[in-house]
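Dear colleague,

Please find the structure below, handed over for your own inspection. My findings follow directly after it.

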Amino acid sequence: MKETGPPAEKVDVVFVAEGYTAEEKDKFVGDVKKFSGYLFEIEPYKSNQEKFNIYGVFRPSAESGMDEPRQNVYKNTVLKASFNAFDLDRYLLTEEGFLLREIAAAAPYDAIVVLVNSKRYGGGGIYNDYCITTVDNQASQSVFLHEFGHSLAGLADEYYTSEVAYNEFYPQGVEPLEPNITALLDSENLKWKDLVSPGIKIPTEYGKEEIEKLQAERRNNFLEMNKALEEARKKNLKEAEIKKLRDRFQARDKAVLEKIRAVRERYKDLEDKVGAFEGAGYSAKDLYRPMMYCLMISSPKREFCRVCQRAIRQMIDYYSH
Ligand SMILES: [Zn+2]
């Protein structure tokens, strides 16, 4: 679909169709254009476009869409892609690895992307294997870029939940292999040391604890509101009184939100800086990421942090030499 040179000298990406019927072939062709276009909108893909060959391989499915086990929906599709891998609602995978490689082999490839003809939110990516994403969700663009980061460049998830202090995925006291997270066992020798912005402290304080405390306050306020409203209804309070009650909680929420904004504002200068920000790899503590925002955590500007950009660039160079 887009060839810039011989496969041996390029990054060859093959897009494979899943859940497209024979009649939906044109839609698949359009989706390949759209999703490969997403890559070249952002760095480091944008400035390395001429190092990519893009292929699409179409094998029709008997039915359109995909399996959704929790809804008891099962579709007859080529790769039998399914949600709930590892019992996670949003994690999408195929167990037909052999078939996938057989289909993909119609093109020379370094990386496989499975496009799933569905509106649902979801995706998955495994380093050196393949990535998969639904195509018609409003988040599909970011999901694809994130998952392709896993499968092409072996990037780690930078996101975490504030409630989970430690997890079993990354054992404590061991430096993770991935280029974009660190246990910071030796802060003098940070693995992205050469990219750290001048004058930035390691680890980098960015108001995390303050914000998390305020977020917990918001959650509690919300729970309290629900409880109070339920009691008010039981007591058959008048609508006007219920409204007053609700307004009071909503005013409190607004005030807390304002405080969160103020903390963010205070640390705004850090938004384009590289340092070591605590909270990464599913863990709120003791794992660090390079920047505040990145497609591997969440990125309002839909960008990779500079450390992830470099890791992807290195992979592009590896395949295109
Ligand atoms: Zn990153």
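I begin with Arg 218, a partly exposed residue with a relative accessible area of 30%. Please bear in mind throughout that this is a predicted model.

Salt bridges between helices α4 and α5

Arg 218 forms a salt bridge with Asp 253, the N to O distance being 2.8 Å. The two residues come from distant parts of the chain: Asp 253 belongs to helix α5 and Arg 218 to helix α4, and 35 residues separate them. Asp 253 counts as partly exposed, at 21% relative accessibility.

A further salt bridge pairs Arg 266 with Glu 210, at 2.8 Å from N to O. Here again distant parts of the chain are linked, with Arg 266 in helix α5 and Glu 210 in helix α4, 56 residues apart. Arg 266 counts as exposed, since its relative accessibility is 52% and the cut-off for that class is over 50%. Glu 210, by contrast, is partly exposed, with a relative accessible area of 35%.

Arg 252 and Glu 224 also meet through their side chains, in a salt bridge of 3.4 Å from N to O. Because Arg 252 lies in helix α5 and Glu 224 in helix α4, this pair ties together parts that are 28 residues apart in sequence. Both residues are partly exposed: Arg 252 is at 39% relative accessibility, and Glu 224 has a relative accessible area of 41%. Elsewhere, salt bridges with shared partners join Lys 27, Asp 31 and Asp 136 into one network. Over the whole structure, the search finds 16 salt bridges.

The zinc site

Which residues serve as protein donors of the zinc ion? They are Glu 158 through OE, and Cys 294, Cys 305 and Cys 308 through SG, at 2.0 to 2.3 Å from the ion. Along the chain these donors follow the spacing E-x135-C-x10-C-x2-C. Cys 294 and Cys 305, eleven residues apart, both lie in the loop between β7 (283-289) and α6 (306-319). The arrangement is tetrahedral, because the four donor atoms subtend angles of 96 to 126 degrees around the zinc ion, and the criterion requires all angles to lie between 85 and 135 degrees.

Two of the cysteine donors can be described further. Cys 294 counts as buried, at 0% relative accessibility, and Cys 305 is likewise buried, with a relative accessible area of 1%. The structure holds zero disulfides.

Glu 158 is situated in the loop between α3 (140-153) and α4 (208-234). Glu 158 is buried but has no salt bridge, and its nearest side chain of opposite charge, that of Arg 289, is 4.8 Å away. The distance explains the absence of a bridge between Glu 158 and Arg 289, because 4.8 Å exceeds the 4 Å limit that a salt bridge must meet. The side chain of Glu 158 does, however, make a polar contact of 3.1 Å with the side chain of Asn 180.

Backbone features

Most residues other than glycine have a negative phi, and most peptide bonds are trans. Several positions in this model depart from that pattern and may be worth viewing individually.

Two peptide bonds preceding proline are cis. The bond from Glu 43 to Pro 44 has omega near 5 degrees, and Pro 44 is found in the loop between α1 (25-39) and β2 (52-57). The bond from Ile 202 to Pro 203 is also cis, with omega near -10 degrees, and Pro 203 lies in the loop between α3 and α4.

Positive phi values occur at non-glycine residues as well. Asn 128, in the loop between β4 (123-126) and β5 (130-134), has phi near 65 degrees. Leu 184 has a positive phi of about 55 degrees and is found in the loop between α3 and α4. Leu 184 is buried, with a relative accessible area of 13%.

A residue of helix α5

One last position concerns Ile 260, which is found in helix α5 (residues 239-266). Ile 260 counts as buried, at 5% relative accessibility. From C-alpha to C-alpha, Ile 260 and Val 113 are 38 Å apart in space, and 147 residues separate them in sequence.

With kind regards

Technical notes: Residues are numbered from 1 along each chain as its sequence is written. This is a predicted model: local features need pLDDT of at least 70, side-chain atom pairs count only at pLDDT 80 or more; totals for chains, interfaces and linings use all residues. Side-chain values use heavy atoms; hydrogens and water are left out. A disulfide is a pair of cysteine sulfur atoms within 2.5 Å. Buried means under 20% relative accessible area, exposed over 50%, partly exposed in between (1.4 Å probe, protein chains only). Donors are N, O and S atoms within 2.8 Å of the metal (3.2 Å for Na, K and Ca); water is not among the atoms, so sites may look incomplete. Four donors count as tetrahedral if all angles lie between 85 and 135 degrees; four count as square planar and six as octahedral if opposite donors are over 155 degrees apart and all others between 65 and 115; anything else is irregular. Helices (H or I, at least four residues) and strands (E, at least two) are DSSP runs, numbered from the N terminus. Lys and Arg count as positive and Asp and Glu as negative; His and the chain ends are not counted. A polar contact is a pair of N or O atoms within 3.5 Å; within protein, one must be able to donate a hydrogen and the other to accept it, and residues adjacent in sequence count only if both atoms are side-chain atoms.
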